[in-house]
Amino acid sequence: MEKSWRSPYATRRYLWPVLAVATVFVAILVWSFSPSPRVSDPEPSGPPWLYGRLDARFTVIAYADLECPYCQAYFPVLKQWIDSHPEANWQWHHLPLAFHEPAATQGARLVECAGEVGGRTAFWHAIAWVYQHTRGDGQGVSANVEMPGLTPAVQACLDSTRPDAVIRAQADEAAHAGVVATPSLRLVDNHTGTDLLLPAGPIEGDALLSAIDLLTSAEDGV
């Protein structure tokens, strides 16, 4: 259980059904073979990697750990919400938690290298693959399970320090912003540059819409 989820507020506000973790594997598997994310040409380079419309007014920055079971369950939920709300896109930021190491950083390195070689579509499919196959809570993906598309180029990236620099920079940015738990979301209005750090934990769709209304109201001076 992540740090933020030990608070009474988080427990009271976000009580997940018992079947959520069980069904997430099916949802992620379906997504892995679904059409690629909406892409406007030219495709932007990452990191940080974006999912959704590149011209969206709002960006949901998600700080996540690939070994976090709450992040794992929330991944297809947030993906579905982004698909249904073209006014927002989703930006991934790594925040490997110390008690999930070294598996959390190992997973982060893998998906970053997939993105470096294959672009943002490959990055998001790699995220889905890790969440589908990890045993979670720091146990990682079994050593006898190999991610498809592990090409020599991806391996060369893994043998370098490039993914480490990306992960460290994103984790440092999260710490500077006061983010210490996963999942955590920050909502940014790309028109005004204003942003709002939301309470730690999976945020329901209605709460995300309320946060968008709040940022919009701030711009209008309401």
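**Reading a sheet, strand by strand**

Tutor: Start with one pair of residues: Phe58 stands opposite Asp189 in β4. Keep in mind that this is a predicted model.

Student: How do you know that β2 and β4 pair?

Tutor: Count the bridges. Six bridges join β2 to β4, and pairing takes at least two, so these strands count as a pair. They run antiparallel.

Student: And what makes β2 and β3 a pair?

Tutor: Run the test again: β2 (residues 58-64) and β3 (residues 88-94) are joined by seven bridges, against a cut-off of at least two, so they pair too. Here the strands run parallel. For one example, look at Tyr63, whose bridge partner in β3 is His93. While you're there, find helix α3 (residues 69-84): it packs on the sheet and touches β1, β2, β3 and β4 (184-189). Its direction makes about 155° with that of β3.

Student: What about β4 and β5, what makes them a pair?

Tutor: Three bridges join them, and at least two are needed, so they pass. These two run antiparallel, with Arg186 opposite Leu197 in β5. In their hairpin there are five residues between the strands, and Gly193 has a positive phi near 85°.

Student: In what order do the strands of the sheet come?

Tutor: The five strands go β1-β3-β2-β4-β5, in an open sheet with mixed pairing.

Student: Then why are β1 and β5 called edge strands?

Tutor: Look at their sides: β1 (50-51) and β5 (195-197) each pair on one side only.

Student: Back to β4. Why is Ser184 called buried?

Tutor: Ser184 sits in strand β4. Its relative accessible area is 4%, and buried means under 20%, so Ser184 counts as buried.

Student: What is Ser184 in contact with, leaving aside its neighbours within four places in sequence?

Tutor: Ile61, Ala62, Tyr63, Val179 and Ala200.

Student: How do you know that Ser184 makes a polar contact with Ala181?

Tutor: A polar atom of the Ser184 side chain lies 2.7 Å from the backbone oxygen of Ala181. The limit is 3.5 Å, so that distance fits.

Student: What makes β4 "mostly covered"?

Tutor: Six of its six residues are buried. Ser184, Arg186 and Val188 point one way, Leu185, Leu187 and Asp189 the other way, and all are buried.

Student: Now for the empty spaces. Why is one of them called a cavity?

Tutor: The word depends on whether a probe can escape: in a cavity a 1.4 Å probe fits but cannot get out. A search of the whole structure finds one cavity of 30 Å³ or more. The largest cavity has a volume of about 80 Å³. Its lining includes Ala62, Tyr63, Trp90, Trp92 and Leu185. The elements giving two or more residues to that lining are β2, α3 and β3, and α3 has the largest share, with four residues.

Student: And what makes a pocket something else?

Tutor: A pocket is an open set of points. The largest pocket holds about 330 Å³ of space. It has 20 lining residues, and the closest to its centre are Gln106, Leu110, Trp129, Val141 and Val145. Two elements, α4 (103-118) and α5 (120-133), are the ones that give two or more residues to this lining.

Student: Which element gives the most to the lining of the largest pocket?

Tutor: That's α4, with five residues.

Key. Residues are numbered from 1 along each chain as its sequence is written. This is a predicted model: local features need pLDDT of at least 70, side-chain atom pairs count only at pLDDT 80 or more; totals for chains, interfaces and linings use all residues. Side-chain values use heavy atoms; hydrogens and water are left out. Contact means heavy atoms within 4.5 Å. Axes are lines fitted to C-alpha atoms, for helices over the stretch in contact, and angles run from 0 to 180 degrees between N-to-C directions. Buried means under 20% relative accessible area, exposed over 50%, partly exposed in between (1.4 Å probe, protein chains only). A polar contact is a pair of N or O atoms within 3.5 Å; within protein, one must be able to donate a hydrogen and the other to accept it, and residues adjacent in sequence count only if both atoms are side-chain atoms. On a 1 Å grid over the protein atoms alone, a cavity is a set of points where a 1.4 Å probe fits but cannot get out, and a pocket is an open set with protein on both sides within 12 Å along at least five of seven lines; lining residues have an atom within 4 Å of a point. Grid points are joined across faces, edges and corners, and a volume is the space filled by probe spheres set on the points.
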